[in-house]
Amino acid sequence: MGKTEGQKLEEKLCYKIKNIGMEKPEEIEKAIEFCEGYKKYLDNAKIEREAVKYSIEMAEERGYVPFERSKKYKTGDKVYFNNRGKNIILTTFGKRPLIDGVHFNIAHIDSPRLDLKPNPLYEKDEIAYFKTHYYGGIKKYQWGVTPLAMHGRVMLKDGTAVDLNIGENEGDPVFVVSDLLPHLSQQQNQRKLADGIKGEELNIILGSTPIADKEVKKAFKLKVLSILNEKYGMIEEDFLRAEITMVPAQHAVDVGLDRSLVGAYGQDDKVCAYTALMAELECKEPEYTTVTVLVDKEEIGSVGVTGMAGDMLLHYMEDLVEAEGERVRDVLRNSLCLSADVNAAFDPTFPDVYESNNASYLNRGPVLTKYTGSRGKSGSNDASAETMQRVISYMESDDVMWQIGELGKVDAGGGGTIAMFIANMDVDTVDLGVPVLSMHAPFEITSKLDVYYTYKAFAAFNK
Ligand code: MN
Ligand code: MN
């Protein structure tokens, strides 16, 4: 049976979006295997400090050494720069000189969560609690009645750093925000969803036994302090020198009978961090020097000394370029950047917020996002046609399946990434990352094929 003229014309002219599982079923096994390392990364990198520490371990195993200013490096040399333990830059020196530009690949390693307030500990009606202040965009009601783990760092008075981690290991206790029983929720049920659990109701249960001494006024709070003191040597004042955060205690798991999906906390944006990191670690002698950056603070606007809106990367680039005697602005102008961040996967249960021709779908590969932002593209980096062409050609040259996508319908909402901050440095930039279901929830979903193909896209970029 021959094709009709119309069919031939359709084949020649029309853009077809494909499902990787349908086109390349043989890739599924490879994707499942690749994601075993990814799940391990998720469990070991729930907060940015842990992500940096674990990434450095992985890098050092593969021969990366700390970057030294004004040292001459040669093709294939691998270095890293640890910025305050909360963000990391990795470089593999390429065949071309720096003046030809570098290939940036930038993902973020902070995720939405419940941070403790500076003075967090209190007791109420014979239960000890932490007060929290949420970090990033969360739907607050999702954080009740889910087991939470405590992570973070306390600086003791004498300058000793103490790292906390409770709730992750077998046998550890976990923590929780309570919610009302349905029987008494008539009034609560009338609240708007956004207020289902309010900000000041996100209180963490810590304990319910006292120091058994009737002369003590806050015996339940004191009991918690005595345990923390025994375990970490800290006193209440030390909370004022701390960054402690509550994150879902759940470990990364397979979702679905076919095990095709990964369910875990913090996949925005550790999924792009891991895939970018693996592509960085495994590249040998890339054409262009790679600058892979795992940044902090994206979820609250990329602020501060470890966020992308600051000068941290510019300063690294100045140090990098100085050794070759070039001007950093010339290098930046010739560079290309993948802003590696997730996009919203089309959710068939909530189709109304998506425009189906311009949404990203599970299992169609990494999603190239020309612009983000809200309303009339406000707050976005709108990548040029030339930039789109360059990035697409890297993927096509390595036969990497990918898709195009916007966040959602026009005026349905919006969001941003780090793309605009890099573009502001005079670097051509576009967003490329994994589609995620239930983004910013305590348990986010990605497809293993998408994770694997995003890694392949980044590897093609680092060739
Ligand atoms: Mn993100
Ligand atoms: Mn996010």
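**Figure 1. Contact between helices H3 and H6.** Phe34, Gly37, Tyr38, Tyr41 and Leu42 of H3 meet Gln267, Lys270, Val271, Ala273, Tyr274, Thr275, Leu277 and Met278 of H6. Sorted by class, the residues in this contact of H3 with H6 comprise 9 nonpolar, 3 polar and 1 charged. The model shown here and in the following views is predicted.

**Figure 2. Crossing geometry of helices H3 and H6.** Two packed helices are described by the angle between their axes and the distance between the axes. Helix H3 spans residues 27-44 and helix H6 spans residues 267-282; their axes come within 10 Å and cross at roughly 125°. H3 is therefore oblique to H6. The crossing in which H3 passes H6 is right-handed.

**Figure 3. Protein donors of the manganese ion (ligand 1).** The manganese ion (ligand 1) has as protein donors NE2 of His108, OD of Asp268 and, listed twice, OD of Asp341, at 2.1 to 2.6 Å from the ion. Along the chain, the donors of ligand 1 follow the spacing H-x159-D-x72-D. Asp268 belongs to helix H6, whereas Asp341 sits in the loop between strand E15 (336-339) and strand E16 (343-344), so this pair ties together parts that are 73 residues apart in sequence. Asp268 is buried, with a relative accessible area of 3%. Asp341 also counts as buried, at 7% relative accessibility.

**Figure 4. Protein donors of the manganese ion (ligand 2).** For the manganese ion (ligand 2), the protein donors are OD of Asp268, OE of Glu299, listed twice, and NE2 of His440, lying 2.1 to 2.7 Å from the ion. The donor residues of ligand 2 are spaced D-x30-E-x140-H in sequence. Glu299 lies in the loop between strand E14 (290-295) and helix H7 (312-322), and His440 in the loop between strand E22 (435-436) and strand E23 (444-447); the pair links distant parts of the chain, 141 residues apart. Both Glu299 and His440 are buried.

**Figure 5. Asp268 between the two manganese ions.** The manganese ion (ligand 1) and the manganese ion (ligand 2) are 3.3 Å apart. Asp268 bridges these ions, being listed with His108 and Asp341 among the protein donors of ligand 1 and with Glu299 and His440 among those of ligand 2. The bridging residue Asp268 lies in helix H6, the helix that also meets H3 through residues including Gln267 and Lys270.

Terms used
Residues are numbered from 1 along each chain as its sequence is written. Chains are lettered from A and ligands numbered from 1 in the order in which they are written. This is a predicted model: local features need pLDDT of at least 70, side-chain atom pairs count only at pLDDT 80 or more; totals for chains, interfaces and linings use all residues. Side-chain values use heavy atoms; hydrogens and water are left out. Axes are lines fitted to C-alpha atoms, for helices over the stretch in contact, and angles run from 0 to 180 degrees between N-to-C directions. Helices (H or I, at least four residues) and strands (E, at least two) are DSSP runs, numbered from the N terminus. Angles under 35 degrees count as roughly parallel, over 145 as roughly antiparallel, 65 to 115 as roughly perpendicular and the rest as oblique. A crossing is left-handed if the near helix is turned anticlockwise from the far one by less than a right angle, and right-handed if clockwise. Contact means heavy atoms within 4.5 Å. Ala, Val, Leu, Ile, Met, Phe, Trp, Tyr, Cys and Pro count as nonpolar, Asp, Glu, Lys and Arg as charged, and the others, Gly among them, as polar. Donors are N, O and S atoms within 2.8 Å of the metal (3.2 Å for Na, K and Ca); water is not among the atoms, so sites may look incomplete. Buried means under 20% relative accessible area, exposed over 50%, partly exposed in between (1.4 Å probe, protein chains only).
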